[in-house]
Amino acid sequence: MYEAPQGLESLGSDLEIEIENPDSVHIGMDGLEIDLEPEKEHKGGESFDSNLAEFMDEGELENLGSEVVELVEADINSRKDWVEMFVKGLEVLGMKYEERTEPWNGACGVFSTILTEAAVRFQSETIIETFPSQGPVKTEIIGAINKLKEDAAERVRDDMNYQLTEAMPEYRPEHERLLFNLGLAGTAFKKVYFDPALNRQTAIYIPAEDVIIPYGSSGARTAERVTHVMRKTKNDIKKLQAAGFYRDVDLGDPVSIHTDVEKKKAEEQGYSLTDDDRYQIYEVQIDLDIPGYEDKDEIAVPYIVSIDAGTGKVLAIYLNWEEDDELRLKRQHMVQYDYVPGFGAYGFGYIHLIGGYARAGTSLIRQLIDAGTLSNLPGGLKSRGLRVKGDDTPIAPGEFRDVDVPSGSIKDNIMALPYKEPSQVLATLLDRITEEGRRLGSIADMKISDMSANSPVGTTLALLERQLKTMSAVQARVHYAMKQEFKLLKNLS
């Protein structure tokens with residue numbers, strides 16, 4: 001039995017109090033109705049972490065899905081030139097020997113090693129710099145220093161280093177993959193999230209071609225839209241649907257969708273994509289004004305929308321800000337690493353900086369080797385009536401063959417084509433191009449041995465510092481990105 005609130009007795013005796021829900025109170029009297037209930041933020045009363053797609057009409061989801069997919073496809077088209085340049089760079093990595101039939105079968109198919117050498121050296125130097133044996137995390141106390149702060153900083157450092165080196169065994173391999181691809185592509189990403197299957201936070205490497213950023217953006221952190229292209233098997237989808245993370249909808253059979261970069265990478269590794277039976281999922285971090293969930297100021301707010309690229313069906317829609325954040329600032333899930341910041345959202349890597357040198361060097365190497373092949377095993381012309389015993393197969397060293405000469409001497413019936421020895425000019429040009437490419441890629445050997453033994457120590461150190469300055473700046477950018485990554489990992493712990 002509930003007593004009437006004070007003051008209501010003056011309204012008369014025909015007062016009716018009806019409690020239908022403990023969380024809300026309905027008061028009615030002579031046509032007067034008062035509802036006392038909590039304010040609902042959303043039309044369905046769902047919780048903050050709910051999949052909003054479960055509460056929306058199918059027609060609304062179809063319209064939303066087609067709108068978002070159209071925006072993503074526009075973003076993909078806007079970076080076609082970047083993809084084309086990346087594919088051309090992958091062609092001269094030389095991970096696989098090229099079997100050539102032009103200008104003849106078995107012509108030289110080797111590649112210049114500039115790009116691969118630069119990427120391997122950058123990966124080797126940077127992993128040692130950023131991931132020492134005691135762990136990658138260091139702490140710094142800002143402001144006044146005292147014993148309590150020092151102890152707290154030491155505990156944070158030790159705990160995070162334990163997590164990264166022991167509790168997260170995939171972290172270092174993922175980081176090494178990132179560094180190799182960062183050097184080549186100029187941009188790479190880490191995705192930081194809590195993995196319910198592992199029951200802990202994780203950070204996985206995402207290649208640049210799988211993160212789509214609109215033209216005109218300065219990076220993933222501030223872009224109006226960031227799309228992560230994911231590939232999931234049928235079983236992966238079923239697990240997420242069973243866990244309630246995705247809507248339980250039938251996607252049919254997977255639709256094979258592969259980018260030019262993905263095809264070229266598979267080709268370089270000797271894989272075939274014909275048997276790829278994974279779904280392609282667009283996970284889009286985007287600002288939207290969804291009907292039924294409008295902001296009071298009619299401002300688009302951050303969401304994460306997951307869509308199957310093959311069917312366009314919306315699998316999930318989640319709010320993408322902290323629950324107690326009144327400003328509704330977008331939560332960060334992606335950390336962007338840049339080798340050299342470029343004109344747009346993606347940075348410059350070795351493919352952009354020395355890819356031209358690698359292509360030129362590849363051409364020169366093949367010309368020199370083919371010239372040597374022709375010089376050592378020359379072809380030529382012979383009279384129609386001249387017959388060589390054993391057909392026309394090349395004569396092995398020390399082998400003599402019988403010939404039938406129609407008339408005159410053998411030399412009058414055979415003429416070798418005037419092939420030249422490999423050109424010294426081309427060899428010098430190859431050395432120059434290789435040297436320029438290695439210098440631009442900061443992999444040139446330091447000429448310390450050329451200095452006099454009596455050179456002052458300060459001069460030697462200054463030369464070392466100057467030659468290492470470019471690589472130090474790149475590693476400073478890597479350290480900065482890792483700092484942002486560690487902050488996200490800490491917030492998830």
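## Exercises on a predicted model

Arg-328 sits in the loop that links β10 (314-319) to β11 (334-338). Keep in mind that the model you're looking at is predicted. Let's work through it in small steps.

### Exercise 1: Two loop residues and their phi angles

Work out how exposed Arg-328 is, and what its phi angle looks like.

Step 1. Start with the surface. Arg-328 has a relative accessible area of 24%. Buried would need under 20%, and exposed over 50%, so Arg-328 comes out as partly exposed.

Step 2. Now the backbone. Phi of Arg-328 is positive, about 55°, although the residue is not a glycine.

Step 3. Try Asn-199 as well. You'll find Asn-199 in the loop between β4 (187-195) and β5 (200-207). Its phi is near 60°, again a positive value in a residue other than glycine. With 60% relative accessibility, Asn-199 counts as exposed.

### Exercise 2: The whole chain

How many helices and strands does the protein chain have, and what share of its residues is buried?

Step 1. Count the elements: the chain has 10 helices and 15 strands.

Step 2. Look at burial: of the 493 residues in the chain, 39% are buried.

Step 3. Check how far contacts reach along the sequence. Take the contacts between residues at least 6 apart; 65% of these join residues at least 24 apart.

### Exercise 3: The nonpolar cores

Find the residues with the most contacts inside the largest nonpolar core, and the helix that gives this core its largest share.

Step 1. The largest core holds 57 residues, and the ones with the most contacts inside it are Leu-115, Phe-122, Tyr-171, Leu-182, Phe-189 and Leu-489.

Step 2. Helix α10 (residues 457-492) supplies the largest share of this core, with 8 residues.

Step 3. Zoom in on Phe-122. Setting aside neighbours within four places in sequence, Phe-122 touches Leu-179, Leu-182, Gly-183, Tyr-339, Tyr-350, Met-471, Val-474 and Val-478.

Step 4. Don't stop there: apart from the largest core lies another one, of 26 residues, including Val-69, Tyr-293, Val-301 and Ile-307.

As background, nonpolar side chains in soluble globular proteins tend to be buried together.

### Exercise 4: Two helices that cross

Decide how α5 is oriented relative to α8, and say which residues make the contact.

Step 1. Helix α5 covers residues 171-185 and helix α8 covers residues 350-376; their axes come within 6 Å and cross at roughly 60°.

Step 2. That angle makes α5 oblique to α8.

Step 3. On the α5 side, the contact is made by Gly-183, Leu-184 and Ala-185, while Tyr-350, Ile-351 and His-352 take part from α8.

Step 4. Sort them by class and you get 4 nonpolar residues, 2 polar ones and no charged ones.

### Exercise 5: A charged residue in a strand

Is Arg-225 buried or exposed, and which side chain does it join in a polar contact?

Step 1. Arg-225 belongs to strand β7 (residues 225-232).

Step 2. Its relative accessible area is 9%. The limit for buried is under 20%, so Arg-225 is buried.

Step 3. The side chains of Arg-225 and Asp-75 are joined by a polar contact of 2.8 Å.

Step 4. Beyond neighbours within four places in sequence, Arg-225 is in contact with several residues, among them Leu-71, Asp-75, Ile-212 and Val-284.

### Exercise 6: Far in sequence, what about in space?

For Lys-88 and Lys-420, compare the separation in sequence with the C-alpha distance to a partner.

Step 1. Lys-88 is part of helix α2 (residues 80-91), and at 43% relative accessibility it is partly exposed.

Step 2. Its partner here is Ile-351: the two are 263 residues apart in sequence and 8.4 Å apart in space, C-alpha to C-alpha.

Step 3. Lys-420 is found in the loop between β15 (414-416) and α9 (424-440). With a relative accessible area of 69%, Lys-420 is exposed.

Step 4. Pair Lys-420 with Asn-376, and you get 44 residues in sequence and 9.7 Å in space, C-alpha to C-alpha. Leaving out neighbours within four places in sequence, Lys-420 is in contact with Ala-371 and Ser-375.

How values were computed
Residues are numbered from 1 along each chain as its sequence is written. This is a predicted model: local features need pLDDT of at least 70, side-chain atom pairs count only at pLDDT 80 or more; totals for chains, interfaces and linings use all residues. Side-chain values use heavy atoms; hydrogens and water are left out. Axes are lines fitted to C-alpha atoms, for helices over the stretch in contact, and angles run from 0 to 180 degrees between N-to-C directions. Helices (H or I, at least four residues) and strands (E, at least two) are DSSP runs, numbered from the N terminus. Angles under 35 degrees count as roughly parallel, over 145 as roughly antiparallel, 65 to 115 as roughly perpendicular and the rest as oblique. Contact means heavy atoms within 4.5 Å. Ala, Val, Leu, Ile, Met, Phe, Trp, Tyr, Cys and Pro count as nonpolar, Asp, Glu, Lys and Arg as charged, and the others, Gly among them, as polar. A nonpolar core is a set of buried Ala, Val, Leu, Ile, Met, Phe, Trp, Tyr and Cys residues joined through side-chain atoms within 4.5 Å. Buried means under 20% relative accessible area, exposed over 50%, partly exposed in between (1.4 Å probe, protein chains only). A polar contact is a pair of N or O atoms within 3.5 Å; within protein, one must be able to donate a hydrogen and the other to accept it, and residues adjacent in sequence count only if both atoms are side-chain atoms.
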